[in-house]
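Trainee: Got a minute to go through this one with me?
Mentor: Sure. Put it up.

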Amino acid sequence: MTDSASSAELLSRLADTLESRLPARGGDPQTSYVAKLLARGPDAFLKKIGEEATELVMAAKDGAPERVVSETADLWFHCMVALAHFGLRPDDVLAELARREGLSGLEEKARRPAP
């Protein structure tokens with residue numbers, strides 16, 4: 001298991017790699033899965049997020065802890081692809097989680113603006 005500093009460093013390194021695969025930064029869809037996904041536009045990576053979320057749900061329903069970890073990693077990875085596409089970083093998500101820390105889930109949800 002890693003500590004929070006090394007976890008944050010890992011997320012930052014992964015984000016750097018994903019950003020280097022952006023089409024605007026010269027990511028080559030012929031040699032990079034991420035560049036190919038990003039070149040196909042949001043529908044491609046959003047579909048992958050949905051697929052990975054479903055696979056995570058199924059792994060959890062099957063009571064398969066190893067698959068839960070694996071599918072969560074896949075889901076997080078594809079969510080990070082979405083962050084890169086939108087010019088966001090894992091630190092943005094971590095800051096939002098920190099903001100919510102200590103709030104009850106019901107209180108936090110009540111504070112959200114209506115859609």
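Mentor: We'll take a helix pair, then the largest pocket. Keep in mind that this is a predicted model.

Trainee: Helix pair then. At what angle do H3 and H4 pack?
Mentor: About 160°. H3 covers residues 42-61 and H4 covers 65-85. Their axes lie 8 Å apart.

Trainee: So parallel or antiparallel, roughly?
Mentor: Roughly antiparallel, because the angle is about 160° and anything over 145 counts that way.

Trainee: Which residues of H3 make the contact?
Mentor: Pro42, Phe45, Lys48, Ile49, Glu52, Ala53, Glu55, Leu56, Met58, Ala59 and Ala60. On the H4 side, the contact residues include Arg67, Val68, Leu75, Cys79 and His85.

Trainee: How many of the contact residues are nonpolar, polar and charged?
Mentor: 13 are nonpolar, three polar and six charged.

Trainee: And the handedness of the H3 and H4 crossing: left or right?
Mentor: Left-handed.

Trainee: Switching topic. How much space is in the largest pocket?
Mentor: About 510 Å³.

Trainee: Which residues are closest to its centre?
Mentor: Leu11, Trp76, Phe77, Met80 and Pro90. The lining has 18 residues.

Trainee: Which helix gives the most to that lining?
Mentor: H4, with nine residues. Helix H1 (4-20), H4 and helix H5 (90-100) each supply at least two.

Trainee: How many lining residues are charged?
Mentor: None; the lining of the largest pocket has 15 nonpolar residues and three polar ones. Set that beside the H3 and H4 contact, with its six charged residues.

Notes:
Residues numbered from 1 in each chain as written. Predicted model: local features only at pLDDT ≥ 70, side-chain atom pairs only at ≥ 80, totals over all residues. Heavy atoms only, no water. Axes fitted to C-alpha atoms, helices over the stretch in contact; angles between N-to-C directions. Helix = DSSP H or I, 4+ residues; strand = E, 2+ residues; numbered from the N terminus. Left-handed = near helix turned anticlockwise from the far one by under 90°. Contact = heavy atoms within 4.5 Å. Nonpolar A, V, L, I, M, F, W, Y, C, P; charged D, E, K, R; others polar. 1 Å grid on protein atoms, 1.4 Å probe; cavity = no way out; pocket = protein on both sides within 12 Å on 5 of 7 lines; lining within 4 Å. Points joined across faces, edges and corners; volume = space filled by probe spheres on them.
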